[in-house]
Amino acid sequence: MIHWLPFILLACVLLLVQTTVGGVLVFTVKGVGGVGPDLLAILATFAALWARNWEEVMLAAWGMGFALDLTSSGGMEGGTALGPMSLGYAAAAGLVFRIREAFFRDKPLPQAFFAMIFCILAHGVYLSLQSLLAYHQTSWSQYGRRLLQAGLLAIYTGLLMVPGHWLLAKAQRWLVASPVGRAGRL
Amino acid sequence: MKLLKKPSKKAVLLFLMGASVVMALWGAPLANRLRVLAHWVLAPLGQPGMSLTASVKSLTGGPEEVSPAEAGRLKEEVDTLRWRAQKAEEDLAHYLEQDALRQRLYGKMTDFPCEMVSAQVAASDSLPYGRTRLVNKGGSSGAEPGSRVVTLLTDRSKALPPKLATISSSALVGRLLETGGYYARLQLVTDGGFRIRARIIRVVDPNRPRWITVIAGGVAAQEQLSDRNNQVIEVEAQGDGVDGLVVREVKKYHNVQNGDWLVTAKDDAFLPEHVRIGRVVEVGDDPRNQLFSVVRVQPYADLAALKDVFIVVPLASKASNGAAGTRN
């Protein structure tokens, strides 16, 4: 079970960090664009790895995706549409929840892998839907460049997932109750 | 009573997913309205963080390293320019004093027909695909979607003469995408969705003469570029989504070169003045048409360390809004 109040508070803090001081973590790759970590994806992946109920995981991920949708509008001439990131987040969280038993999710490497998979799927859905919705102003080269940007973002987030997961595990009892998994430990 | 039963999590999830699809299909108009609500939460909390980010970026994003010899030459140049600036400031102060007196006695007041509303950057995009910023001024200050946003590049430790001088040292940083009562979303010039009608001004440099094709009376002739034949080139520029702007379909015979300026068009409804956008850094062939070039422009303002900006509100539009408000 997810403890909603602390979970939402932490998500809000992460969103605030991502939209403000998170800019320090962003670097520009020539010809690709800005690459920075998706901090909310770390929290969403953590929930998908350890929460007991898949509906709660997807609801939490939907909320975080919607928050990202609300706080990002650049890239298209009149602004981007709302919805694609919430769909992407919910779908990615559902997938991670489904496949988590196949890996040793208490080990750092699988955790980084899960965060990468999460980001690739969520951001892939987001970029594909946004490009589809504004197909008249998106070229294939632009779409490819943004997918490459998403791939680099996924690697970056995957690397940050290891310390991120370690920190979240410390606060686990306030975020996710009754953890499941091997011997019920994190 | 059964109708009031608490919905299951599955039902809530399905409803939310459906809502996402509807919102996505609805598109930007609904999104921009809802985002204005999010500004109220994000903007007041975000400003200290953005100040910190801007400070760090301004430290790390400095100019490229120069050789000691080049540094010495630049230092000499800076000293000379500083001396000249000081002289010019004294001359200007004298001139302004004289001019103010003349204006008071005989002149009709003329000015830049816009109000500069100062604003601060409160937050940036949560995703790296767009280049937008949240600023802490909105509709209540007269800003509206489309309003141009500039940054001033003057040395603030010195007293500035009135408005005209400050305008001459500013650069365009973007336009407003959506505006709420007290907050607005600024789309930077480098954003993939940013488009603007602009002009390229070729720099006449006697040390680097260039030949252009001039068409007069239906006859084309090669001439050396000079102040006499240096006409502005009308273009449409768009952000490249990374760190610059791209200008397509620039006729090759204009012979645009690195170092030329991209400026705003004076007949722009939102910014009726030439304001610098950036400098040409690359001129390449257009793969679709050999008669055209593709020009890459680097923004003049340091967008990574953007903190203080000015929203340009044309006085005519403010007056008409005020009149409309009175009518309502």
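How do α2(A) and α3(A) run relative to each other: roughly parallel or roughly antiparallel? Keep that in mind while we look around, and remember that what you have in front of you is a predicted model.

Let's start in chain A. Helix α2 of chain A covers residues 39-50, and helix α3 of chain A covers residues 54-70. Two packed helices are described by the angle between their axes and the distance between the axes. For this pair, the angle is about 175 degrees and the axes lie 9 Å apart. Angles over 145 degrees count as roughly antiparallel, so α2(A) and α3(A) are roughly antiparallel to each other. That settles the opening question.

What do the two helices touch each other with? From α2(A) come A:Leu40, A:Leu43, A:Ala44, A:Ala47 and A:Ala48, and they meet A:Val57, A:Ala60, A:Ala61, A:Met64 and A:Leu68 of α3(A). Sort this contact by class and you get 10 nonpolar residues, with no polar and no charged ones.

Now over to chain B, which is divided into two domains. Domain 1 is pieced together from 29-57, 109-191 and 306-327, while domain 2 spans 195-304. Where they touch, domain 1 of chain B puts in 22 residues and domain 2 of chain B puts in 20. On the domain 1 side, β3 (148-152), β4 (170-179) and β14 (308-314) of chain B each supply at least two residues. The largest share of that side, four residues, comes from β4(B). By class, the domain 1 side of this contact holds 13 nonpolar, five polar and four charged residues.

Follow β4(B) a little further and you reach a hairpin, where four residues join β4(B) to β5(B). These two strands run antiparallel and are linked by five bridges. Within this pairing, B:Glu178 stands opposite B:Arg185 of β5(B). Strand β5(B) also pairs with β2 of chain B (residues 132-135), again antiparallel, this time through four bridges. Here B:Thr132 has B:Gln187 in β5(B) as its bridge partner.

So is β5(B), residues 184-188, covered or open? Mostly covered: five of its five residues are buried. Both faces of the strand are covered, with B:Ala184, B:Leu186 and B:Leu188 buried on one side. On the other side, B:Arg185 and B:Gln187 are buried too. Those last two are familiar: B:Arg185 is the residue opposite B:Glu178, and B:Gln187 is the bridge partner of B:Thr132.

Technical notes. Residues are numbered from 1 along each chain as its sequence is written. Chains are lettered from A and ligands numbered from 1 in the order in which they are written. This is a predicted model: local features need pLDDT of at least 70, side-chain atom pairs count only at pLDDT 80 or more; totals for chains, interfaces and linings use all residues. Axes are lines fitted to C-alpha atoms, for helices over the stretch in contact, and angles run from 0 to 180 degrees between N-to-C directions. Angles under 35 degrees count as roughly parallel, over 145 as roughly antiparallel, 65 to 115 as roughly perpendicular and the rest as oblique. Two residues are in contact if their C-beta atoms, placed from the backbone, lie within 7 Å. Ala, Val, Leu, Ile, Met, Phe, Trp, Tyr, Cys and Pro count as nonpolar, Asp, Glu, Lys and Arg as charged, and the others, Gly among them, as polar. Domain bounds come from an automatic or database domain assignment. A residue is buried if 20 or more other C-beta atoms lie within 10 Å of its own, exposed if 12 or fewer, and partly exposed in between; C-beta atoms are placed from the backbone. Two strands pair if DSSP finds at least two bridges between them.
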